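Thank you all for coming; I would like to walk you through a structure that is probably new to most of you, going slowly and saying where each term matters. Please have a look at it on the screen first.

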Amino acid sequence: MINSLLAMTGGDILTIINSAFFILGGVTVFMIGMNMMGSNIEKAAGKSMRRLMGRATKNRCIGVCTGAAVTAICNSSSATTVMIVGFVNVGLMTLSQAASVIMGANIGTTISAFIMALSSAGGASFSVAALFAFVAFIGFVLTLAGKSDRLKQIGHILEGVGLIFIGLNVMSGAVGDLMVEGSNTRVAVENVFIALGSAKETLTWEILVLFILGAALTAAMQASAALTAIIISLASSGLMSLQMAMCIILGANVGTCVTSLISSMGTNVNAKRAAMVHLLFNVSGCIIFIFPVAFAGKYIAKALAGIDTQWQVAIFHMVFNVLTTLALLPFLKLLVKLACLIVREKKGEAETEDAETLDVRLLKTPAIAVGQVRKQLLKMGDDAFGNYKRSIEMLLSGDLSEKELFAETERGIDAANKYIFKFLVKLSMHEISELDEKKVSSFYRVVSDLERIGDYAENVVEYAEKIVEDKVEFSASAIEEIREMDLHITNLYKYVCSVFADSELKYMPDVEREEQETDRMNNVMQQSHLQRMSEGKCTAEAGSLFLQLAVCMERIGDHMHNIANSVKAYGHFSV
């Protein structure tokens, strides 16, 4: 091996440098293609992904299928597991549900290996890579000429598919240039692999070296697909035996867990456990497969001898993940318990099962992030409406004992307003569907309306304090009018929630009716006040507070009406 390295000429070294640059460039084009295809499929299938995630909560088998389908869409098991960590962190999934989806994600990622193997198909007269390069051109034409967003999405998907094959072809060509039959570089590389072992020999310590190599490279690149592409290029050039490729792939499955472990930093205890389940699942699978690979690898290679090496690698990748899932799925609860034992809850750290947090990890799946923003806005709306009801009761009863609770809730509303607004800004920077873009645009106005409802409720509390401090009393008729106005606002909020929660426009007539009633009651309260003043039944202090209260309540109704109207921008698009 050393003699082969010393025998290299200046031309050999330049060939190595050129090929290395082309390999890195090929990996870059490949990853750009993967991301372009995955993100645009995700945009086009946003509703389908939401439905898939909803079904994942039913049972473990559906969870596995969901994980496989979502990963096939995203073309990345790492992306799926990062999503799942985010879902667990905000309460969209329990730990057991997440575990089954993670298992399915490992199956879904095997589609990448088959795409890579396909890129090497064809002979001298026909090249699959050339065909898909033309597909990329078609996609480019669609993005330029397409007028609808859907057509442009299809164009970007085709561009992504084409770039994947172009990148793989560049890598394969670079490896081919480097490994010309009889060249010093080929001899040197062959000697390196001979030193590590070959398909004709049972590997011993070399298995550990190749396994660690696969794990380390995947962890460094945070993309097992890129490493798999390089392995397939080497295998199809005859430089790597199937047994060696299997060892590296086993390591790559462990290395890909690093991404989810990193993403779990700063999350709650259950989210950390979800990342640990991913690691335990892949490590367990490697333990199951490492011995057959070590002692029966050459027989596996013989069984697949009639198939091209690149397809052998893809088949092994699929079989490994499918059999590991079948073997471990019955023991899913034990995996979850083991993860709970390893990642213990710290003293004072509460397990959160609510969905009140907007986790930035959700930005990896904008379609689901949009749905989670809606849930958070509904929660903020409940807090704002709850504070309004609290303020009215303080005003009518003169009991200010809930003033501190009101203030605490108002601080939460202000904090939610700031956080949701920042999250929406980040979400707007991602590629999202036309429908979700309309929703995000409307959510900016909704969060502002909710914050204003909270502010008007503060005004009502100030009126209540003034009433108690100055010992002001409202007449019985004034109190009856306040309660009637409050009833219309309460009904209005109920219908607004029905419209906003489900994008259900059939309740809009009810919203319009109740909003008009608040306008009418504002006029009634002002006219009645003038009559009471003329009859000497109302003091100037009481009258001033009553008029301000009437206007304040009417404006609360206006902001609720605005929230329902925001759905009109996208409601007729929703399914």
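Before we look at the surface, let me say that a patch, in the sense I use here, is made of residues with over 30% relative accessible area and no salt bridge, and that nonpolar side chains are joined into one patch within 5 Å. Please also keep in mind that what you see is a predicted model.

With that in hand, we can turn to a nonpolar surface patch of about 580 Å², which is made by Phe-134, Phe-137, Ile-138, Phe-140, Val-141 and Leu-144. Phe-134, one of these residues, lies in helix H8, which covers residues 128-145, and because its relative accessibility is 48%, Phe-134 counts as partly exposed.

Stepping back to the whole protein, the secondary structure comes to 23 helices and 0 strands. Of its 575 residues, 50% count as buried, while the protein exposes about 25500 Å², with carbon and sulfur atoms supplying 62% of that area. Among contacts with a separation of 6 or more, 80% are between residues 24 or more positions apart.

How do the axes of helix H22 and helix H23 cross? The axes of H22, residues 508-534, and H23, residues 540-566, come within 10 Å and cross at roughly 170°, and since angles over 145 degrees count as roughly antiparallel, H22 is therefore roughly antiparallel to H23. The residues that meet there include Met-508, Val-511 and Glu-512 from H22, and Gly-543, Phe-546 and Leu-547 from H23.

Terms used:
Residues numbered from 1 in each chain as written. Predicted model: local features only at pLDDT ≥ 70, side-chain atom pairs only at ≥ 80, totals over all residues. Heavy atoms only, no water. Patch = residues over 30% accessible without salt bridge, like charges linked within 9 Å, V, L, I, M, F, W, Y side chains within 5 Å. Areas by Shrake-Rupley, 256 points an atom, 1.4 Å probe, with all protein chains shown as cover. Salt bridge = Lys/Arg side-chain N within 4 Å of Asp/Glu carboxyl O. Helix = DSSP H or I, 4+ residues; strand = E, 2+ residues; numbered from the N terminus. Buried < 20%, exposed > 50% of the residue type's maximum accessible area, 1.4 Å probe, protein only. Axes fitted to C-alpha atoms, helices over the stretch in contact; angles between N-to-C directions. Parallel < 35°, antiparallel > 145°, perpendicular 65-115°, else oblique. Contact = heavy atoms within 4.5 Å.
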